[in-house]
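Trainee: I have a structure open and would like to go through how its helices and strands fit together. Can we take it piece by piece?

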Amino acid sequence: MAQPDQKKFFENLSGAGKAIAVLTSGGDAQGMNAAVRAVVRVGIYIGAKVYFIHEGYQGLVDGGENIEEAKWESVSSMLQVGGTVIGSARCKEFRTHEGRRAAAQNLVLRGITNLCVIGGDGSLTGANLFREEWSGLLDELVQQGKIDRESAEKYSHLNIVGMVGSIDNDFCGTDMTIGTDSALHRIIEVVDAIVTTAQSHQRTFVLEVMGRHCGYLALVSALACGADWMFIPEMPPADGWEEQMCTKLSENRARKKRLNIIIVSEGAIDTSNKPITSEHIKNLVVKCLGFDTRVTILGHVQRGGTPSAFDRILASRMGVEAVLALLEASADTPACVVSLCGNQAVRLPLMECVQMTQEVQKAMDERRFEEAVRLRGRSFENNLNTYKLLAHRKPQSELPISSFNVAVLNVGAPAAGMNAAVRSAVRVGITEGHKIFAVNDGFEGFAKGQIKEIKWGDVGGWTGQGGSLLGTKRTLPAKHLEKIAEQMKANKINALLVIGGFEAFECLLQLTEARSRYEEFCIPMCVLPATISNNVPGTDLSIGADTSVNAIVQTCDRIKQSASGTKRRVFIIETMGGYCGYLASVGGLAAGADAAYIFEEPFDIRDLQSNVEHLTAKMKTSIQRGLVLRNENSNENYTTDFIYQLYSEEGKGVFDCRKNVLGHMQQGGAPSPFDRNFGTKIAAKAMLWISRKLKETYRKDEGRVFANTDDTACLLGMRRRALVFQPVVDLKNETDFVHRIPKEQWWLKLRPLMKILAKYKTSLDVSESGQLEHVVRHRRPEESEGVPA
């Protein structure tokens, strides 16, 4: 990483004299268009020529009109469109030497030596072979008289950068591929719809999802909907699974559960590598149990629809990084692929990733399934471990003996995913042998004694529910410390798990500071960040923020559509978030906004005037609409009404204005797949941490838990590439308590991307880019899963 005094800035990079081509290949995936848009606009921004290659490698071989120079306006309105606007096709010719020679000729004739390929491992492998053969292909073209020697020398090497577009998330080296999150949205929408009809009739549903060689979609959707059983190629069920599954379904039905959901990956196999089909599972359930059973095969629905906010942001970030990588590439640089590691975009050698992806399949073919899971990477392995923890209820006789009582409560405003976190915490806690107590209405309810034991079955079906089923209040414990201590003593509470926003962090601070006065608070305590505002210190992301960004982006899409129909219209949209500009900034990037006003980046009347002038110029192009977001507390004087009136007055005769205050719809309805999954995993991790701390702090001689060190009151947060437990007292110095935000916020680095993609001249620090890393083959235990940027 560059040192502070050696910072590199994007505006100092020049693409003058360079030509970049972008193509999409293989199966389509939602978000590919966002990646194409980013490559085109960033390429043009730095002064390079950028070309579309239509119809993938077929267009590269055929040439002609398939290779078209892209303009800034060419990628307008692409962000919200699924599939790939420039087309994709399987191409037999490119697999031949002659086909690649024709492709090389088509590129050289246009002076293109930088190629950005968005596709799966087959597409990227083909691109790497093309690069390796490049000089030989040019020599052949010179001999055949199709290009001159001067051109061959001028364009002597080809630079390749890949981005992985695949809904299966089957490419090693990246935590998430473009399209996976959107596919999960389609699956979860179907599951949520099926749940209502299945409950009405007491049915069993067998859902078949895509993933011929990779079970990621089945695994994560099973986690996100609390499925009864799951089949994936990487983890074939043990012999005798038929009886075990039927017993589980029967037990669940006996506990008054009105529906059963079984999720099966299309590539599911048994330990003998024989396929397990959805029809076979249905017939088995009907024969053994007589349950009314239906099969739903989702098929290409999973590839369709508009891309999620996650995929738009992921693809936009990757597109920018891909152009940077092409600018910095040389003849000695290996072809690279832009990947997501935790919350960071990184570059990895393309062929290292391809080879590991092929190793996974080889391990599965040779029935080395544990090895296959390990090779899939930490994201897959973490999901699988969490699923195993939650999927099967152990009989009482198999649970560890524990005399500990753990209380779980929600604090602050409701956030989608809170219920998934509570469900996970309750079930993992029970599996650990503890008694779990649910507290209603936060610390206010705690003080009033609204505490009761919560059992395994009580949290069934909670993952898909929005809001907070436990009830939540913003009340801090400071005023009720004595009553809370009394209730802790009366209910023999040995540990505390608080799920909530900034208030939850403050609550834990107050309880920690009160330990010297109340021994009841000398217990392990953990807070899980859950708030749409994403303003909790110590974490890059909070449960609920992804659902909220998706709700904002869906509304912005509709508004942009309205503006496109009427022409020359600018919309001013107010988002929530308190003083934190996360929703406005990240929502703006995902929705393709022209500007986003936030508290963290002060603005004045000159900035507003500059934005009006920018939009006035935009209205003279073919893109005759504008979208401006404003965080609710961005400026006390420049209110949404003021900005609306200013734009209306200054835009007279050029554009008209409308305003929208999104309000509480931003909290979202059903939680997004990411929030269900994130909440489920961090709650499981937190409960295991609590179990460990309980054992460490239990004093046998006194027969009680006593924990008063800083490391026994922690916040579990996502930091860059890792999930980390951080003492809440250590986070005080990182916090602006007046404005209820962290002093440093990672997403501020994304704001220049939005401005660049909206054609503003701006400064972007790219010091952290440019480091080519290597694929890590061993599991890093504390590391987390890829997150929306």
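**Helix contacts and strand pairing**

Mentor: Start with two helices. The axes of helix α12 (residues 369-376) and helix α13 (residues 378-391) come within 5 Å and cross at roughly 120°. Keep in mind that this is a predicted model.

Trainee: Are α12 and α13 perpendicular or oblique to each other?

Mentor: Their axes cross at roughly 120°. Roughly perpendicular covers 65 to 115 degrees, and roughly antiparallel starts over 145. The pair is therefore oblique.

Trainee: Which residues of α13 meet α12?

Mentor: On the α12 side, the residues are V373, R374 and R376. The contact of α12 with α13 divides into three nonpolar, no polar and three charged residues. The α13 residues are F380, E381 and L384.

Trainee: Now the open sheet. Which strands are at its edges?

Mentor: The sheet has seven strands, with mixed pairing. Their order is β3-β2-β1-β4-β5-β10-β11. An edge strand pairs on one side only, and here those are β3 (67-69) and β11 (344-349).

Trainee: What does the twist average from one strand to the next?

Mentor: Take the sheet in its order, β3-β2-β1-β4-β5-β10-β11. From one strand to the next, the twist averages 25°.

Trainee: What angle does the direction of α11 make with that of β11?

Mentor: Helix α11 (residues 350-365) packs on the sheet. It touches β5 (159-164), β10 (336-341) and β11. The direction of α11 makes an angle with that of β11 of about 85°.

Trainee: Which residue is the bridge partner of T24 in β4?

Mentor: Strand β1 (residues 19-24) and strand β4 (residues 114-119) run parallel. Five bridges join them. In β4, T24 has as its partner I118.

Trainee: Let us move to β13. Why is it largely enclosed by the rest of the structure?

Mentor: Buried means under 20% relative accessible area. Strand β13 covers residues 435-439. It is largely enclosed because, of its five residues, the number buried is four.

Trainee: Which handedness does the β-α-β unit of β12, α14 and β13 have?

Mentor: Strand β12 (residues 405-411) pairs with β13 in the parallel sense over four bridges. One bridge sets V406 against I436 in β13. With helix α14 (residues 418-431), the two strands make a β-α-β unit that is right-handed.

Trainee: Which residue in β14 stands opposite F437?

Mentor: β13 also pairs with strand β14 (residues 451-453). Three bridges join these two, and they run antiparallel. Opposite F437 stands E453.

Notes. Residues are numbered from 1 along each chain as its sequence is written. This is a predicted model: local features need pLDDT of at least 70, side-chain atom pairs count only at pLDDT 80 or more; totals for chains, interfaces and linings use all residues. Side-chain values use heavy atoms; hydrogens and water are left out. Buried means under 20% relative accessible area, exposed over 50%, partly exposed in between (1.4 Å probe, protein chains only). Two strands pair if DSSP finds at least two bridges between them. A crossover is right-handed if, with the strands pointing away from the viewer, the path from the first strand over the helix to the second runs clockwise. Axes are lines fitted to C-alpha atoms, for helices over the stretch in contact, and angles run from 0 to 180 degrees between N-to-C directions. Angles under 35 degrees count as roughly parallel, over 145 as roughly antiparallel, 65 to 115 as roughly perpendicular and the rest as oblique. Contact means heavy atoms within 4.5 Å. Ala, Val, Leu, Ile, Met, Phe, Trp, Tyr, Cys and Pro count as nonpolar, Asp, Glu, Lys and Arg as charged, and the others, Gly among them, as polar.
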